[in-house]
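Visitor: I am new to this structure and would like a close look at a single part of it. Could you take me through one helix and its surroundings?

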Amino acid sequence: MAGVCILGATGTIGLNTLDVISQHPDKYQVIAITANQSVERLLQLCIKWSPRYAVMVDANAAEQLVTHLNALNSTVEVLSGVEGLVTVAQLPDVQMVMAAIVGGAGLLPTLAAAQAGKRVLLANKEALVMSGHLFMQAVRDTKAELLPIDSEHNAIFQCMPAHFQQVGQLDRLGVRKILLTASGGPFRKTPLEQLDRVTPEQACLHPNWKMGRKISVDSATMMNKGLEVIEACWLFNTTTESIDVVLHPQSVIHSLVAYIDGSVLAQLGNPDMRTPIAHALAYPERITSGVEPLNLIDVARLDFEPIVDGQFPCLQLAYEAMRIGETATTVLNAANEIAVQAFLDHRIQFTMIPKLIENTLANITIRKVKTLADVLAADTQARVWATEWLDKLQ
């Protein structure tokens with residue numbers, strides 16, 4: 001029975017992971033679950049799953065959880081802070097770590113899991129966006145397993161030759177191009193001149209997927225796809241020139257891999273995150289996920305559209321940051337997190353998100369990445385600059 005640690009257990013990915021695990025109680029044991037401040041939700045998960053450890057990042061929330069669990073005579077041990085996240089990610093009894101903490105906050109525990117040689121189920125794309133070189137080096141040094149959970153990267157993984165991780169260079173395997181599909185989000189058909197007036201509530205209404213608010217906004221701006229381009233470069237040891245993004249509004253084809261012989265392999269399925277989660281949990285075997293089988297007759301048609309110039313400036317910014325390299329992608333991610341939160345707080349318009357990111361990239365010196373400290377310093381500097389820029393707008 002494999003021990004599982006779920007970083008971000010109360011989020012969409014975390015809950016879907018628990019749903020898949022519930023269908024296979026003979027295969028997986030939940031050792032540790034974590035959350036940021038959601039005391040009541042993590043408490044209910046502790047009652048249902050009886051993990052050995054529960055982590056609340058917020059110290060006050062951890063104290064509240066301890067009080068509730070003591071009243072129930074629970075044996076769950078509560079830890080707190082980033083140190084608690086790192087501890088449970090490296091537990092000897094944990095073989096698999098679901099890295100599902102949203103944003104830069106997930107970097108340290110996800111990197112810790114890789115450094116401990118775990119099977120890392122990577123839903124936190126920021127770990128690679130912020131520190132791709134360091135993260136991949138840790139995977140190689142410890143022989144950790146890195147399996148992507150994003151539906152697009154999981155699809156690419158499934159369409160790659162079985163030994164692509166050993167060969168390492170896609171052109172030697174006959175791969176011509178990686179095609180990342182994108183739904184286009186809720187504003188795919190919205191005229192550009194109307195985007196100034198869209199609300200956070202509208203931006204969070206994704207047409208196909210149920211996601212958290214931050215990721216939903218990223219999908220609306222297509223920054224989510226930009227971060228996925230960066231992540232794909234690291235996961236599959238390639239460059240931005242080898243990755244194209246194509247709009248596919250049905251979200252049935254999750255991504256494709258084109259080969260030099262003319263073949264194009266695609267992975268299809270209903271838009272449900274339990275499919276890639278089940279794939280990564282059981283790899284290289286297959287297990288049931290609870291997802292309804294895809295009915296191609298019901299789907300009836302699959303549409304594809306090109307991206308119009310200027311339609312998604314955040315996507316272009318992500319491409320440019322990856323081409324620059326070093327700390328540019330860290331700065332991009334930090335500025336985006338500040339901008340998205342400002343939009344969700346009704347402080348800026350939707351169209352100001354890429355402007356804040358662009359200005360931050362233009363005003364922060366990009367430096368070489370030699371250590372994790374370089375990454376964290378760039379992250380902090382970008383957040384401070386972006387916050388000050390926002391304050392000047394008020």
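Guide: Here is a walk around helix 11, followed by the core and the domains.

A few ground rules come first. This is a predicted model, in which local features need pLDDT of at least 70 and side-chain atom pairs count only at pLDDT 80 or more, while totals for chains, interfaces and linings use all residues. Residues are numbered from 1 along each chain as its sequence is written, and side-chain values use heavy atoms, with hydrogens and water left out.

Helix 11 covers residues 223-235, and its axis comes within 5 Å of that of helix 10 (residues 213-221), crossing at roughly 90°. Helices here are DSSP runs of H or I with at least four residues, numbered from the N terminus. Axes are lines fitted to C-alpha atoms over the stretch in contact, and angles run from 0 to 180 degrees between N-to-C directions. The two helices are therefore roughly perpendicular, a label for angles of 65 to 115 degrees. Where they meet, helix 10 supplies I215, D218, S219 and T221, and helix 11 supplies M223, N224 and L227. Contact means heavy atoms within 4.5 Å. Sorted by class, this contact has three nonpolar, three polar and one charged residues. In that scheme Ala, Val, Leu, Ile, Met, Phe, Trp, Tyr, Cys and Pro are nonpolar, Asp, Glu, Lys and Arg are charged, and the others, Gly among them, are polar.

Now look at E228, also in helix 11. E228 counts as buried because its relative accessibility is 1%; buried means under 20% relative accessible area, with a 1.4 Å probe and protein chains only. Leaving aside residues up to four places away in sequence, E228 touches K125, D150, E152, H153 and L180. Two of these names return in helix 7 (residues 151-159), whose buried residues include E152 and H153. Eight of the nine residues of helix 7 are buried, so that helix is largely enclosed by the rest of the structure.

M223 and L227 also lead us to L332, which touches both of them as well as I230, L317, A318, A321, I357 and L361, not counting residues up to four places away in sequence. L332 is, with F135 and F236, among the residues with the most contacts inside the largest nonpolar core, which has 137 residues. Such a core is a set of buried Ala, Val, Leu, Ile, Met, Phe, Trp, Tyr and Cys residues joined through side-chain atoms within 4.5 Å. Helix 15 (residues 328-344) gives the largest share of this core, eleven residues.

Technical notes
Angles under 35 degrees count as roughly parallel, over 145 as roughly antiparallel, 65 to 115 as roughly perpendicular and the rest as oblique. Buried means under 20% relative accessible area, exposed over 50%, partly exposed in between (1.4 Å probe, protein chains only).
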